[in-house]
Protein chains: 10
Amino acid sequence: MSSTEFPAMTQKLLAAKKAKGISFTDLETILNRDEVWIAALFYGQATASEDEASKLLHALDLSQDLVPELTASTSKGLGPIVPTDPLIYRFYEIMQVYGMPMKEIIHEKFGDGIMSAIDFTLDIEKIEDPKGDRVKVIMNGKFLPYKKW
Amino acid sequence: MSSTEFPAMTQKLLAAKKAKGISFTDLETILNRDEVWIAALFYGQATASEDEASKLLHALDLSQDLVPELTASTSKGLGPIVPTDPLIYRFYEIMQVYGMPMKEIIHEKFGDGIMSAIDFTLDIEKIEDPKGDRVKVIMNGKFLPYKKW
Amino acid sequence: MSSTEFPAMTQKLLAAKKAKGISFTDLETILNRDEVWIAALFYGQATASEDEASKLLHALDLSQDLVPELTASTSKGLGPIVPTDPLIYRFYEIMQVYGMPMKEIIHEKFGDGIMSAIDFTLDIEKIEDPKGDRVKVIMNGKFLPYKKW
Amino acid sequence: MSSTEFPAMTQKLLAAKKAKGISFTDLETILNRDEVWIAALFYGQATASEDEASKLLHALDLSQDLVPELTASTSKGLGPIVPTDPLIYRFYEIMQVYGMPMKEIIHEKFGDGIMSAIDFTLDIEKIEDPKGDRVKVIMNGKFLPYKKW
Amino acid sequence: MSSTEFPAMTQKLLAAKKAKGISFTDLETILNRDEVWIAALFYGQATASEDEASKLLHALDLSQDLVPELTASTSKGLGPIVPTDPLIYRFYEIMQVYGMPMKEIIHEKFGDGIMSAIDFTLDIEKIEDPKGDRVKVIMNGKFLPYKKW
Amino acid sequence: MSSTEFPAMTQKLLAAKKAKGISFTDLETILNRDEVWIAALFYGQATASEDEASKLLHALDLSQDLVPELTASTSKGLGPIVPTDPLIYRFYEIMQVYGMPMKEIIHEKFGDGIMSAIDFTLDIEKIEDPKGDRVKVIMNGKFLPYKKW
Amino acid sequence: MSSTEFPAMTQKLLAAKKAKGISFTDLETILNRDEVWIAALFYGQATASEDEASKLLHALDLSQDLVPELTASTSKGLGPIVPTDPLIYRFYEIMQVYGMPMKEIIHEKFGDGIMSAIDFTLDIEKIEDPKGDRVKVIMNGKFLPYKKW
Amino acid sequence: MSSTEFPAMTQKLLAAKKAKGISFTDLETILNRDEVWIAALFYGQATASEDEASKLLHALDLSQDLVPELTASTSKGLGPIVPTDPLIYRFYEIMQVYGMPMKEIIHEKFGDGIMSAIDFTLDIEKIEDPKGDRVKVIMNGKFLPYKKW
Amino acid sequence: MSSTEFPAMTQKLLAAKKAKGISFTDLETILNRDEVWIAALFYGQATASEDEASKLLHALDLSQDLVPELTASTSKGLGPIVPTDPLIYRFYEIMQVYGMPMKEIIHEKFGDGIMSAIDFTLDIEKIEDPKGDRVKVIMNGKFLPYKKW
Amino acid sequence: MSSTEFPAMTQKLLAAKKAKGISFTDLETILNRDEVWIAALFYGQATASEDEASKLLHALDLSQDLVPELTASTSKGLGPIVPTDPLIYRFYEIMQVYGMPMKEIIHEKFGDGIMSAIDFTLDIEKIEDPKGDRVKVIMNGKFLPYKKW
């Protein structure tokens, strides 16, 4: 999927951000939300409040016409079943290689259940390192035990 | 895939661990390796040194016959293209929903490249919380910029 | 998938139940759990406590050797991507036809989020009706709003 | 599938409903039909009578030009084979995890047959709960026994 | 799927039928059921009564041990998503080529609904013809109109 | 696939037929062809003679410009690999459940070969029945024995 | 699919043929059938008469026990949806690249219809050529025009 | 894939050919190339020289603007993984049923290697026959033995 | 995927290159980058610096408006899961046939790890040979050993 | 696919090689064949002469019973459609990302045609480098131009 295939809203937001020379980190301060969540909003994967939508459009010098689309909760999920983009594929590979091991550890620590992907946050940090900088991804989700009934 | 379909080696290691009443956390101390890596070894997704294999089998009261299999580097990757297990599926869902946003943030912070899934570590922590304990997953991979030539 | 392809544990439990002439409704009283949950346990889709496993095996005149398998939390998810069994397919069809409408209604009533399939119960009732009995399926899952961060 | 990919009719109806500030619950009273059925009509998954179509368009201040499309019985079924939207995926997961157990219970109560997805109703209720509101989904379908011949 | 991959029950029934030199038409008289239904029973796609199972096994000189399997209602559906066997593929092709036209005609004659595949019979006749014999397949299913609610 | 995704020719023909208030049964008389074949022609799955095309367009008050498209033999086959429309899916289900049994009966009656889907007709009748009308589908195809060489 | 995964009958026939040092061309003379048809028989894709089966087993010094399997008409079709074997893949590639062009030519020469794959023969010849020998494949199938009704 | 979905170039060439009332056989004489190769050129599956492209466009009374597209070597391969068009499907079926037998014969005659689909020609002939005309397809490809190194 | 389906940027660059009569080898000298990398840039699979983008557009007599698209890092990966184009398919086939053998050799020489496809270069050379020219592809990627933790 | 799922022959050869402490490089000298070709032979992807098979088995202290399997040309192609093993996946990724660019360069240098994967060799070299050793893969295949006819 080339970037020109994303929804018009996503393309407008990304183009305006580039034109303004503003970064996601800058938007963190303006919206008081994490940069990953804001990027998810750009891609229609999160839902803003009216106020957040308005502030974002203001910061990007865009018309308020996009408020309804930014505040609607649309269908989520992007891209093909197996991602072809190498950066995104690596997360798929991690799930293929380390999925069962993670399940073992989570079950040992918590019992039968899952990590929520809804009551969930995700942060990305840059760890500078003379041997090559490192990407640190921190996922934090509520543990949900299987209910018995 | 029910757990009885995993390789014989995996089943033997899991059964012995259960019979001994030993946890992956206990094995951390014995092997001086992270519990996630050890669980990956159980599932044939990591390769032990002769010494690590020997210590592990000793700790689980298993014969040393499994040393060759634990030290061989076999084909990696488990399970179906889209995982059906709810715990593992959530990581697939995170990649579907947050994959492109993560790509945007990583590119903004690092430029065009990927997070390595090979020069990579993964830790799982339990965050106790009165409103419900939380699972914290920390991935740490070297950033690899695309080489131009 | 013919029933002879299910795990050995499932086949043993179903055969014993048939031989004893005991129903899932009878097992409800013995285990003090819902019949659907008990059937899920038969298929390795739920995890029993030691006590529940023991009672179940006792009720079915089976050896206690299956306790470890009944209390382990194995990989979940059965059958092909699109089910071929007509009874199960109908639930897939409902999701295909009514999935987006259900999403609209749930979002209207609750906001952006999901119905949990983990903090979740499922009951099946028989509604007698002279024009043809009816199957009533009641799903009850906690609403989980998307966390913003 | 982003919402902008749904048929033009669906988009017009949803936009008009938003512009009017009217809810599916309000439409229940106007059309004397359940809100889930009405949402299914929005998505081209149900067929209205001329009268129902006319009333709906009137209530939404839309031209009667959409009557033919609302009263036609078009091809049904939405979205990809495995849904990527997390809310809809959970119903797929329920079918994967609880499909065979439900089959066992339905066969025990009714014999060999299926629950109809055609002679069928589906209701969604909000159960308020201080520990977190709950979504209640009630499916009610005629039992159809396999005919022998 | 070669025939040796079908369940053991199917293979035993087919082998006994061949050894006895008995045809499905002969079995029609013995069981007072249609030959297609009986063939479906051989493949585990239909469920016999105790009496029918007993008569069938008697006619084939097989032990009564297969009664439980013949009277159980197992998971239905055989073969790959797109059949490779040319005879069966032709029915798939008919659905691909004539599916939408059939839908148009059924909707014109009956309204929005489906032909039941459960309250359903299927007969096969041989039409002798000097220019080449013909296969006549008669499907007869109850029309089920979509319920509005 | 919503009906708005069919080729322009199909949409024009269906709209004109609706506007004229003419049924496929009416078209049978006009064209002296079966209604199922005519519906197949609407969907580009059959090829008309010049004369048939001309008569059809005349009957629907459409310009003769569509003659070339109606008389061309285009690629056949509609819709996804597994149909999502419930009416069409039921024919797929019949093939999944009764495919092998039909093969057994056809082989018993005719020997190794297939029913042609080309030298083939398909009729649909409405059987009125106080307990619910029934759909009768009659397929009639030439038996083709495998040639040995 | 490695050759060790083919049915036991196929493996026995191939092993006996190798042990006897007999070629398919030799078998042509013995059975008075084409070598391709005989190879199809080895793979369970064709059905022999009792006499042909008997002669073949005799020629290969095998017991007559395989007569029933050689004379039964089993499910046909081998291998994965897209073949991985390079020799077989080339025929798939030809269909991908030259399929539509072949359709155009066949329609131009014969009208709307197909080449039968049942009333069909296939021969393979070796054309010696100093610049490299060539494989000649001759397919010969009856043209079947679409029946109108 | 309906014919209206092929590239604009293909549609223009086919329409001009129909308008001129010229056949592929006529084009053979004009271009001094086989009709199958010319049809492949229409579908963008072969690459013309400047001279061939020019002659073809001249013969079809089309502007020379299409020369660059006819002489470019674009991505090859048409249609879905498993073809739905019955004529093209039959070639897929032949590969499914006779693929392994063809491999056996080719290996017996030539050794380990393949028939080239590149150094390859394909001809189609009409064999008139009072019992029904026959389609003869002749494929002729260079044998390529596996190189050892 | 016909070439007309590639992004507008790709089509503009290829058309301008053809119009100018300039080769990728010529572009090597102008950009001081390898021709394969430059072709990857044309297809949106590599990211140029502002200076490289500017030089390329200048060389092709194109407006500088494409600079933002050439310097953005878009989603990577082209074409279907299994490529249909014969040239590209051969590389897929090499991976299918020689993938495991390459893994064995790389593991024997380097230990458990992978060849990077990011810190990676790829060159293509033409080896003239009287028996037929040869294509030489040289891949050169950093070995990345699995990190233990 | 875990390595224990490979054919028995592959497992025997790999185990014997490990037991003998012999490397593929050692086998190069013994067989006078490249190590990659020898590894392909281990996996049933290449065909040995009688002499090569015999020498290999002798070198590994294995019985000559495996000669027939090593000299037979079996079906080729290993593993799933999209490889899950990270090392092998990288070659798939290279084809996804650089496939079309390679096609452009090969067409520019050679014209319309392909690189043979049959008249083909593949070598792997270790390039020592203080910043991290590098894997060099050299593919060398005959260019095959499309034949016109």
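Start by selecting Glu93(A), which is buried at a relative accessible area of 1%. You are looking at a predicted model, so read each distance and angle on this tour as a computed value. Glu93(A) belongs to helix H6 of chain A, the run of residues 86–110. Now show its surroundings across chains: leaving aside residues up to four places away in sequence, Glu93(A) touches Ala117(B) and Ile118(B) as well as Pro86(J) and Arg90(J).

Why stop here at all? UniProt, in an unreviewed entry, places the feature "active site" at Arg90(A), Glu93(A) and Ser116(A).

**Next stop: Ser116(A)**

Select Ser116(A), another residue named in that UniProt feature. You will find Ser116(A) in strand E1 of chain A, residues 113–127. Is Ser116(A) buried or exposed? With a relative accessible area of 1%, Ser116(A) is buried. Turn on the side chain and look for the backbone nitrogen of Ile118(A), which the side chain of Ser116(A) reaches at 3.0 Å. Then widen the selection to the contacts: with residues up to four places away in sequence not counted, Ser116(A) touches Gly141(A), Lys142(A) and Leu144(A), plus Leu144(C) from another chain.

**Zoom out to the annotated domain**

Colour residues 77–149 of chain A. The unreviewed UniProt entry gives this stretch the annotation "domain: Cyanate lyase C-terminal". Within residues 77–149 of chain A, 34% of the chain is helix and 37% is strand. Put a distance between the two end C-alpha atoms of this stretch and you should read 31 Å.

**Chains C and D together**

Hide everything but chains C and D. Two copies of a chain are related by a rotation about an axis and a shift along it. Here, a turn of 180° with a shift of 0.0 Å along the axis lays chain D on chain C, with an RMSD of 0.0 Å. This is therefore the relation of a two-fold axis. To find the axis by eye, go to Ile138(D): its C-alpha is the one in chain D nearest the axis, at 2.3 Å. The same surface serves both copies, as 100% of the contact residues of chain D recur in chain C.

While this pair is on screen, select Lys126(C) and Phe110(D). The charged end of Lys126(C) sits over the ring of Phe110(D), 5.0 Å from the ring centre. For a counterpart elsewhere, bring up chains G and H, where Lys126(G) lies over the face of Phe110(H), at 5.0 Å from the ring centre.

**Aromatic pairs**

How many aromatic pairs does the structure hold over all chains? There are 70, and two of them make good stops.

Go first to Phe24(E) and Phe42(E), an edge-to-face pair with 5.0 Å from centre to centre and 65° between the planes. This pair links distant parts of the chain, 18 residues apart: Phe24(E) is in helix H2 (residues 24–31) and Phe42(E) in helix H3 (residues 35–42) of chain E. Phe24(E) is buried, at a relative accessible area of 0%, and Phe42(E) counts as buried at 0% too.

Finish in chain H with Tyr89(H) and Tyr92(H), a tilted pair at 5.6 Å centre to centre and 45° between the planes. Both residues lie in helix H6 of chain H (residues 86–110), 3 residues apart, about one turn of the helix. Tyr89(H) counts as buried at 1% relative accessibility, and Tyr92(H) counts as buried at 4%.

How values were computed
Residues numbered from 1 in each chain as written. Chains lettered and ligands numbered in written order. Predicted model: local features only at pLDDT ≥ 70, side-chain atom pairs only at ≥ 80, totals over all residues. Heavy atoms only, no water. UniProt positions renumbered as here; feature names shortened; annotations may be inferred. Helix = DSSP H or I, 4+ residues; strand = E, 2+ residues; numbered from the N terminus. Buried < 20%, exposed > 50% of the residue type's maximum accessible area, 1.4 Å probe, protein only. Contact = heavy atoms within 4.5 Å. Polar contact = N/O pair within 3.5 Å; in protein donor to acceptor, adjacent residues only side chain to side chain. Least-squares fit on C-alpha atoms with pLDDT ≥ 70 in both. Phe/Tyr/Trp six-rings, centres within 6.5 Å; stacked < 30°, edge-to-face > 60°. Lys NZ or Arg CZ within 6 Å of the ring centre and 35° of its normal.
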